[in-house]
Structure formats: C-alpha cells, structure tokens
Amino acid sequence: MATARTRAPLAPLLTALVALPAFGLDNGLARVPQMGYNSWYDLECSDAMNESTLRRIADRLVESGLKDLGYQYLNLDDCWAKSRRGDGTLVADEAKFPDGTLKPLADYVHSKGLLLGTYTDRGEQTCAGRPGAARHEELDAKTYAAWGIDYLKEDSCNASGDHLTAFMEYGKMRDALNATGRPVLFSLCGWKSWYAPMGSTLGNSWRIGPDDNNWQGVLQNIDIMNGLETYAGPGGWNDPCLLLSKKTTGEAIMTELQTRAQFSMWAVLAAPLLISGSVLNMSAETLATYSNKEVIQVSQDPLGRQGRRVLGGPVAEGTGNVFARPLADGSFALVFLNSGKEELNVTCGKECFGTLGLSAPLAARDLWAQQRLPDLQDLSFTALLPPAGGHRFLRVRSRGRFRGGLSLAG
C-alpha cells in the first residue's frame with residue numbers, strides 16, 4: 001500500500017514527468033467527488049448495453065430524483081466501440097448505437113440535464129478487446145469533444161505496468177483532453193495504489209485497487225484506501241471502484257445491508273459515488289440508500305478531506321472498525337463498521353475520539369436513523385453491529401449548532 005512514507009521511490013518519476021507539455025489537469029472539475037451511474041456491473045457487455053437502454057436509464061435517473069440529488073453523470077463502460085475508420089476515427093457498434101457515434105445519446109442525455117461519460121483504454125485494446133486509445137489520444141479526444149462527451153474513464157488492460165510508462169500514457173490523454181477546450185472529467189483506471197501520489201497531476205480520480213466485484217472486494221479496497229488520504233482533495237480523488245447492488249437481470253451482487261455499508265464508507269472516504277447496479281429495477285431500499293441527503297452531504301463536503309481509520313485493523317480480515325472524516329463546519333463524520341462473521345460491539349472511546357481532537361460533551365446525530373442522539377457526556381459511543389456489513393453512521397461535534405445553521409436536532 002502506498003502511504004506518505006513511500007513517496008521517496010517516486011521522486012525520479014516526478015522529475016521525469018515535469019517535462020510533459022502540460023503538467024497537471026486543467027479542467028476545474030470534481031471539486032467534490034463525482035456522482036452518477038456507470039454501466040459496468042449493471043450491463044457489462046450484454047445486449048442490453050445499448051443506446052435504447054441507456055436512454056431509459058437517463059429517464060429513470062431524472063424520474064427517481066437521483067439527478068436532483070447530484071447524480072449527474074451517465075457513464076458507458078466497455079463494449080460500446082467497434083472499430084476505427086480509415087482515418088483512425090472511432091466507430092461505435094452500430095448494433096447498439098445505430099448512428100455509429102455517441103452524439104445522439106449525448107444530445108439526449110444533455111436534454112435531461114445530465115452529463116454523458118464514456119470509456120477507453122490506454123492500451124491497443126480495451127479489456128473486452130475493443131479499440132484502445134494508444135497512439136490515437138489526440139484524435140480520440142477531439143472525437144469525444146465533438147460528440148459532447150463530459151467524462152472519460154481510461155482503463156489499463158493491454159498496457160504496460162511500468163510506472164513511468166503508465167504516467168506518460170495517461171499524460172498524453174490528459175493533454176489531449178485539455179487541448180480540446182472542453183471540460184471533460186478524466187478518470188484513471190489503473191487499479192494500483194501507486195497512482196495516488198501522481199493522481200492529481202494526471203486526472204480527476206484514479207483507481208487505487210482492483211475491481212470490487214463483491215463484498216470482499218469492497219473490503220479489500222477500503223483497506224487500500226486507508227493511508228492514501230493525503231493525496232485526495234478538491235479536483236482529484238482516490239477511487240476504490242463502483243457502488244454495487246443488483247444487476248438489471250435481478251442478480252444481487254451484495255445484500256442490501258452491504259450496499260448501504262459501502263455507500264457509507266464511500267462517503268466517509270470521499271470516494272466517487274458511481275452507481276453500478278440497476279437503476280431501472282432498483283429496489284425501494286437501495287433507492288433510499290442512494291437518496292440519503294445527509295450521507296450525500298458528507299460525501300460532497302467542500303472541505304474535501306478523505307476519512308481515515310481511527311480504530312481497528314484490516315476490514316478484509318473481518319474486524320470492527322471506526323473511520324472518521326473532518327467536515328467543513330468543524331464536525332466529524334464517523335462510520336462504525338463490522339466486517340466480521342459475528343455480531344460485534346464496536347466502541348469509540350476517549351482515545352479514539354481523542355485522535356480527532358474532540359472533547360466531551362459531544363452532540364451526535366445518526367445519519368441513517370436521521371435522529372439526534374443523546375449527548376456523549378463521557379466521550380464514548382458503542383454500536384452493536386450485525387455481521388457482514390453492520391454499521392452506524394454518526395456526525396458529531398461539540399455540543400450546540402453547526403456553523404452555517406445546520407443543527408443536530410430532529
């Protein structure tokens with residue numbers, strides 16, 4: 001895992017990269033973690049990954065109220081591109097996108113007040129064997145701009161694992177996007193924590209671990225995230241992958257409890273909130289999870305500080321943990337999480353709260369119960385949590401009102 005203590009080996013890479021034409025991303029985007037939908041775990045490369053389905057998803061993002069809560073990006077993942085023309089221009093799979101481009105879809109998505117994202121790879125081919133961006137960065141960036149693309153995820157399949165090579169290849173696409181003059185959120189998908197120290201010079205977010213795939217994958221990426229908090233902030237975010245629930249087919253990737261636990265952890269870790277379960281067949285409970293305004297407020301806090309572990313050990317090993325995040329109004333968001341197989345009491349006491357510089361008494365609010373809790377007079381809180389995703393999400397601060405008028409009442 002890359003931490004502040006492992007920056008030294010990257011020094012030669014940093015020096016070498018200064019020579020790149022535009023050292024740093026210049027698009028003014030992602031001042032808070034991006035929110036939206038990504039097609040991968042929902043549709044993958046199925047026949048349902050087509051323009052008609054994606055238009056229906058755009059409709060549903062609006063009708064469900066998710067758009068108004070901040071979920072503004074509708075992002076295609078792999079399997080949309082088919083080939084290149086003689087001049088090198090990308091061609092969308094006409095069986096899925098009849099125009100052979102993504103422009104009609106972009107126009108429709110924009111008409112709904114949403115933004116459209118798409119996908120490529122820095123290698124010769126994408127993970128699914130579709131055309132990659134290697135040696136076509138400038139042309140592809142111009143094509144995306146002409147189509148009206150607002151977000152680009154660039155994967156790392158079929159590409160070099162050498163650090164400097166990876167940084168330089170991502171730098172090519174960064175510079176090509178900058179050169180179009182169109183603000184395009186740039187999401188790096190390199191699956192490794194060593195992207196974190198360089199991430200903000202290259203993109204707006206960067207994957208720090210493998211595909212999460214399931215609950216155990218979610219836990220693995222939470223552990224990787226811890227220690228990388230110094231690299232995240234307004235404009236650039238550590239990305240532990242996508243939000244999981246049910247696919248369009250109805251297959252459940254995680255339990256409802258685990259979906260809510262992941263959402264809580266992604267909020268406290270200042271991670272991008274990209275729903276990759278079914279929007280068209282979303283359960284009422286999952287919709288309620290993704291619609292919790294108080295949790296979203298933590299995610300989108302303008303201070304832009306990523307949370308960290310203040311109690312416990314590796315969650316992938318099945319332990320009790322507390323993660324905490326400082327917020328702009330002086331309060332703290334705390335998630336108590338049980339990743340083990342048995343019911344567990346998780347206690348944040350004087351030492352735990354003390355690491356945050358807090359002292360008694362504390363006002364506290366439960367963000368899922370949406371109610372004020374009794375003041376913490378002795379600087380201790382214990383949560384009895386069910387196994388495999390049991391959690392409590394609190395917001396705490398010195399007793400009284402939050403600056404700006406937000407109170408813990410209710």
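These are my notebook entries on the cysteines and one sheet of this structure, which is a predicted model.

**Entry 1: counting the bridges**

I began with the disulfides and found three in the structure. I then numbered the bonded cysteines in sequence order, and the pairing came out as 1-2, 3-4, 5-6.

**Entry 2: cysteine 45 and cysteine 79**

I looked at cysteine 45 and cysteine 79, which form a disulfide with their sulfur atoms 1.6 Å apart. This pair links distant parts of the chain, 34 residues apart. I found cysteine 45 in the loop between helix 2 (40-43) and helix 3 (51-63). Cysteine 79 is in the loop between strand 2 (73-75) and strand 3 (81-84).

Buried or exposed, I wondered, for cysteine 79? Cysteine 79 is buried, at a relative accessible area of 1%. Its partner, cysteine 45, is partly exposed at 33%.

**Entry 3: cysteine 127 and cysteine 157**

Next I went to the disulfide that joins cysteine 127 to cysteine 157, with an S to S distance of 2.0 Å. I checked the handedness too: with 85° about the S-S bond, this link is right-handed. Cysteine 127 sits in the loop between strand 5 (115-121) and helix 5 (137-147), and cysteine 157 in the loop between strand 6 (151-155) and helix 6 (163-180), so this bridge ties together parts 30 residues apart in sequence.

For accessibility, I have cysteine 127 down as partly exposed, with a relative accessible area of 40%. Cysteine 157 has 18% relative accessibility, and it counts as buried because the cut-off is under 20%.

**Entry 4: cysteine 348 and cysteine 352**

I moved on to cysteine 348 and cysteine 352, a disulfide whose sulfur atoms are 2.0 Å apart. Right-handed or left-handed, I asked of this link? The angle about the S-S bond is -95°, and the link is left-handed. Cysteine 348 is buried with a relative accessible area of 0%, and cysteine 352 is buried as well, at 5%.

**Entry 5: cysteine 189 and cysteine 241**

Why is there no bond between cysteine 189 and cysteine 241? I looked up the sulfur of cysteine 189: the closest cysteine sulfur is that of cysteine 241, 6.8 Å away, which is too far for a bond. A disulfide needs the sulfur atoms within 2.5 Å, so this pair does not qualify. I ran the search from the other end, and the closest cysteine sulfur to cysteine 241 is in cysteine 189. I noted cysteine 189 as buried, with a relative accessible area of 1%. Cysteine 241 counts as buried too, at 5% relative accessibility.

**Entry 6: the sheet**

I traced an open sheet of eight strands, in the order 9-8-7-6-5-2-1-10, with parallel pairing. Which strands are at the edges? I have strand 9 (237-239) and strand 10 (273-275) there, each pairing on one side only. Neighbouring strands of this sheet are turned by 25° against each other on average, direction ignored.

Inside the order I picked out strand 2 and strand 5, which pair in the parallel sense over three bridges. I also wrote down that tyrosine 73 stands opposite leucine 115 in strand 5.

**Entry 7: leucine 164**

Last, I looked up leucine 164, which has its place in helix 6. I list leucine 164 as partly exposed, at 24% relative accessibility. I took its separation from tyrosine 119 as well: the two are 45 residues apart in sequence and 22 Å apart in space, C-alpha to C-alpha.

Key: Residues numbered from 1 in each chain as written. Predicted model: local features only at pLDDT ≥ 70, side-chain atom pairs only at ≥ 80, totals over all residues. Heavy atoms only, no water. Helix = DSSP H or I, 4+ residues; strand = E, 2+ residues; numbered from the N terminus. Buried < 20%, exposed > 50% of the residue type's maximum accessible area, 1.4 Å probe, protein only. Pairing = 2+ DSSP bridges. Axes fitted to C-alpha atoms, helices over the stretch in contact; angles between N-to-C directions.
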